[in-house]
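Reader: I've got a model open on my screen and would like to learn how to read it. Can we walk through it together?

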Amino acid sequence: MDPKYIRNFSIIAHIDHGKSTLADRILEITGTVQKREMKAQLLDDMELERERGITIKARAVTAVHEMNGQKYVFNLIDTPGHVDFNYEVEKSMQACEGAILLVDASQGVEAQTVANAYLAIEADLEILTVLNKVDLGHARPDEIAEEVENSLAIEATDACRISAKTGVGVDAVLDRIVDSFPAPQGDPSAPLRALIFDAVYDEFRGVIVYLRIVDGTLKKRDRVLMKGTDKKFEAVDIGIFNPKMESRGSLSVGEVGYFVSNIKALGDVRIGDTLTLDKTPDVDMLPGYREPRHMVYADFYPTNPKDYETMREALDTLSLSDSSFSYEAVTSEALGFGYRCGFLGLLHMEIIQQRLEREHDLDMIQTAPSVTYKVQLKDGTEEIIHSPGALPNPDRFDEVLEPIVRVSMIVPAEFIGVTMTISNDHRGIFVRQEHLSPTRVQLVYDVPLAEIMYDFYDKLKSATRGFGTLNYDLKGYEPADLVKLSILVNGDEVDALCAIVHKSFADPRGRAILKKLRKEIPRHMFEVRLQAAIGSRIIARESIAALRKDVTAKCYGGDISRKRKLLEKQKAGKRRMRQVGSVDIPQKAFLSVLGSE
Amino acid sequence: MEQQEPPPTSRRDEPRVSAPPRATEGTALYVHLPFCAAKCHYCDFFSVPDEGQDIDGMIAAILREAEVRAPARPRTLFLGGGTPSLLSAGQLTTLLDGLQEITGWRGSAAEVSAECNPESLDLDKARCLLDLGVPRISIGFQSLDDETLKLFGRVHTATESFRAYESARTAGIEHVNVDLIYAIPGQTADEWSADLGRVLDLRPDHLSAYNLTFEEDTRFKRWLDRGRLEAAEEEVELEMFHATRELASSSGLVAYEISNHARPNEQCSHNLNYWRNGEYVGIGPGAVSKVEHTRSGNPRSISPYLRRIQGHGHATEWSETPGEVARVAECWWLGLRLQGGVDPAEVARTAGASDAAIEVSVTLATRLVGDGLLERSEARYTLSEQGLPLADAVAREFLQRLPQGVD
Ligand SMILES: Nc1nc2c(ncn2[C@@H]2O[C@H](COP(=O)(O)OP(=O)(O)OP(=O)(O)O)[C@@H](O)[C@H]2O)c(=O)[nH]1
Ligand code: SF4
Ligand SMILES: [Mg+2]
């Protein structure tokens with residue numbers, strides 16, 4: 001295929017603005033997928049994606065569009081919109097020359113619209129703005145076009161106006177893609193250079209590597225070299241996504257497709273690496289990617305300590321298909337042996353936890369997520385910790401540094417006041433404010449990441465009646481006056497319940513945590529005493545009164561089997577509970593440190 | 001109440017489970033008569049309104065089952081239900097004489113009891129029962145408040161309950177139990193004490209006083225879930241529980257089980273056997289048996305029961321044999337309901353358990369002694385004052401913390 005007739009682009013947008021639905025229409029109109037095989041958000045084929053109605057993993061697909069009698073090959077990538085998966089968007093863009101910036105014409109510019117548009121600008125992509133959902137009665141395409149121009153300085157007056165749902169206007173978008181996006185550049189006669197922009201694990205075929213050919217040609221059976229990892233493979237199968245994998249004899253400049261070679265683990269492939277032929281090892285590396293950044297950490301402990309090994313196997317298996325989380329063995333005094341895992345964000349954490357439980361039938365306890373702290377020890381060294389329990393005694397360190405993120409919020413103008421109050425209450429420092437339109441404002445603050453993970457987003461959502469959106473990026477580490485808040489259950493400190501909090505919030509947070517624990521921990525046959533402490537100073541107390549009556553009145557011969565099962569079933573209700581000392585603590589209690597309500 | 005075991009009944013009602021081994025001579029015998037004048041709203045026993053039912057056919061089936069499964073010379077015989085007193089004199093005669101022919105109970109049973117309800121217990125019925133060899137009856141008073149009886153869906157008044165009691169005594173029945181329910185929505189502790197006092201004034205030999213429970217698949221449970229009924233507060237229930245024990249004991253009735261009180265030598269031996277996790281044979285629809293370590297049951301439904309009996313002489317629909325540790329846990333759970341508590345050596349015998357299994361259970365019991373829930377004197381463990389109203393929570397400790405296994 002002559003690169004002249006190839007267009008490589010991603011579809012980017014804020015969450016739910018209709019990326020996957022637009023991809024559906026493109027696949028349908030180009031005849032890539034037959035109408036009877038069509039289903040909504042076809043590319044969202046992971047169970048969790050379908051269940052939650054969101055895209056988690058970027059997906060590449062090839063479609064052919066005919067314009068003025070000429071066939072054009074589109075390699076499009078549907079990307080996720082959720083902030084946790086920015087990394088997926090970033091990866092995708094490197095394989096493209098263009099990006100469709102999709103904006104919901106009823107919602108307007110939102111936080112990830114801005115964030116993703118800037119990623120596209122940085123990646124030097126041509127941007128084509130498309131206003132979606134014009135079929136909605138309350139769509140305001142004119143206003144929104146202006147918002148795009150004001151906020152992003154992107155021309156939008158003649159933006160395509162479409163309904164990805166009904167298909168109205170999508171034909172025109174296809175032609176605009178041909179006209180606006182540059183054809184891939186590259187030297188067909190130069191030695192092979194291909195960008196590895198993604199990889200997924202397939203149970204039967206091993207790792208499937210996503211490629212974008214930059215120079216030269218890759219043929220089936222070629223001996224290849226991954227430059228970064230210095231690993232050699234044979235191209236057992238190559239091809240394109242149509243949207244299913246379709247074998248091809250070769251892939252050439254500008255083309256996007258896959259490469260399979262019995263690679264056993266995702267860990268053997270580095271995303272962003274350069275692929276070349278075995279015989280041309282000296283080609284220059286293509287610009288790569290940054291590593292995915294783990295924003296939060298949480299510990300997973302099996303409810304039944306015997307499942308520790310099973311858990312390791314489950315994590316190993318899971319990491320084959322998701323290389324963006326990390327895990328390492330950890331021990332807790334209260335919970336025994338488990339794993340500390342790093343995630344891209346809270347949604348990512350929730351997804352991994354669900355997959356572990358569902359796909360591996362594991363019953364486990366998860367601790368509250370924590371950010372990463374840097375502790376400057378008195379001896380001049382630095383210790384990096386991912387959990388409050390790991391904070392050394394105050395006499396061992398000089399200061400603690402916490403991650404600060406630059407948060408960009410887009411809110412309707414009438415909510416500026418409350419948004420500022422919430423930001424200030426969460427130790428935010430004002431950076432700037434910009435009007436996107438007379439009714440919408442972008443506010444930028446620097447806020448400790450821990451505050452975002454605590455309840456910042458929930459507070460913003462409820463204060464702005466759901467209209468406020470937020471995006472954040474790591475800015476750096478700064479020292480803060482942080483203390484360890486210990487939680488004691490019947491006098492014993494439970495490390496898995498500790499929190500690191502700012503000194504000025506310690507008392508109210510301590511009380512809030514205890515209130516929640518009090519609700520979550522069931523009554524026992526004895527009184528359960530809860531205390532929150534900073535060092536040896538008790539700052540809050542609660543108690544859970546002892547259960548005083550629990551007895552079935554009747555129990556005769558005919559009832560015994562059934563009643564025994566009931567009593568045993570009440571144990572099934574005890575799933576996701578761990579005994580700490582003699583107190584049963586349910587999963588939800590371990591998350592009490594999160595959020596205030 | 002739900003089916004205890006869900007083995008899907010095959011279309012042709014072929015029993016999938018073979019009859020349990022025949023019990024040895026002397027084993028306790030229970031006969032379930034599944035008919036009542038009306039279905040009470042809180043009741044989860046297997047029983048159906050008698051209207052349009054073929055009681056004679058049922059008696060014939062029960063006798064047929066007895067021929068196949070009933071133990072010879074049972075130590076105790078208990079007619080339960082349902083409402084056995086609903087049977088006519090003729091039907092009672094057919095049943096009890098028939099059972100006599102098959103088992104010879106009249107020469108062996110040291111205790112013979114029948115459950116009766118006020119609407120079907122008059123002087124003639126009481127005399128008939130006594131003449132047929134039933135010297136012990138239980139009368140379902142349940143409440144002394146007519147409004148409550150209506151709420152319960154019962155078809156008698158409090159006055160009729162007293163009259164039935166009177167009839168039993170007049171007929172010369174020497175052992176009478178009264179059944180009562182407390183912690184009824186809206187009931188105060190004082191109201192309960194007053195009602196209980198009036199019953200105790202009758203000087204019954206035995207008192208079963210049940211805290212109202214909302215069992216699955218009953219009208220009461222649905223009403224509770226929909227907010228039409230409200231369960232009593234824990235504090236109120238506890239107060240009633242203690243008041244019951246005190247009032248009964250000052251009347252000479254000792255709480256020998258969580259909900260059962262008796263004069264000396266008037267305890268119900270048949271039920272004591274259940275709480276000691278002993279063997280028994282139950283016949284009739286829905287009846288459960290325990291022979292050796294296997295528990296088994298008949299269908300909780302009239303027609304499948306009848307069809308199975310016709311076809312095979314037995315109707316066993318499910319069976320289960322708990323593993324060793326589960327049997328030990330069961331012995332503790334049931335035994336701790338008794339005033340006399342549990343002796344680990346007896347558990348070892350009853351459960352046929354190894355020293356190791358007994359030892360883990362004793363370790364747990366020792367911990368519970370430390371927690372103040374159990375008391376120990378010599379070899380026996382009993383629930384403490386504090387543990388008594390927490391009997392189920394203590395049972396869960398045994399049933400959940402000891403490693404399980406049901407084969
Ligand atoms: N009315 C209307 N609804 C649309 C249109 N396009 C998409 N939707 C709906 O918007 C919702 C989100 O659509 P998706 O295509 O999943 O959005 P997305 O941008 O892929 O979302 P993420 O992948 O989670 O970021 C779905 O309920 C779609 O049916 C449209 O043109 N009109
Ligand atoms: S009379 Fe007894 S067995 Fe019959 S329905 Fe009422 S409570 Fe149940
Ligand atoms: Mg999507």
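**Around the ligand, then along a helix**

Author: Let's start with ligand 1: 21 residues surround it, the closest being Gly18(A), Ser20(A), Ile54(A), Thr55(A) and Gly81(A). Here a residue counts if its C-beta atom, placed from the backbone, lies within 6 Å of the molecule. This is a predicted model: local features need pLDDT of at least 70, side-chain atom pairs count only at pLDDT 80 or more, and totals for chains, interfaces and linings use all residues. Residues are numbered from 1 along each chain as its sequence is written, with chains lettered from A and ligands numbered from 1 in the order in which they are written.

Reader: Which helix gives the most to the shell around ligand 1?

Author: Helices (H or I, at least four residues) are DSSP runs, numbered from the N terminus. In this case H1 of chain A, residues 19-29, gives the most, with three residues.

Reader: How do I read the faces of a helix?

Author: An α-helix has 3.6 residues a turn, so residues three or four places apart point the same way. Take H12 of chain B (residues 344-351), where Pro344(B), Val347(B), Thr350(B) and Ala351(B) are buried (20 or more other C-beta atoms within 10 Å of the residue's own, against 12 or fewer for exposed; all placed from the backbone). Down the axis of H12(B), the buried residues fall within an arc of 120°, so they line one face; the arc is that of the directions from the helix axis to the C-beta atoms.

Reader: Which residues of H12(B) are exposed on the other side?

Author: Ala345(B) and Arg349(B). After H12(B) comes Gly352(B), with a positive phi near 60°.

Definitions and conventions: Helices (H or I, at least four residues) and strands (E, at least two) are DSSP runs, numbered from the N terminus.
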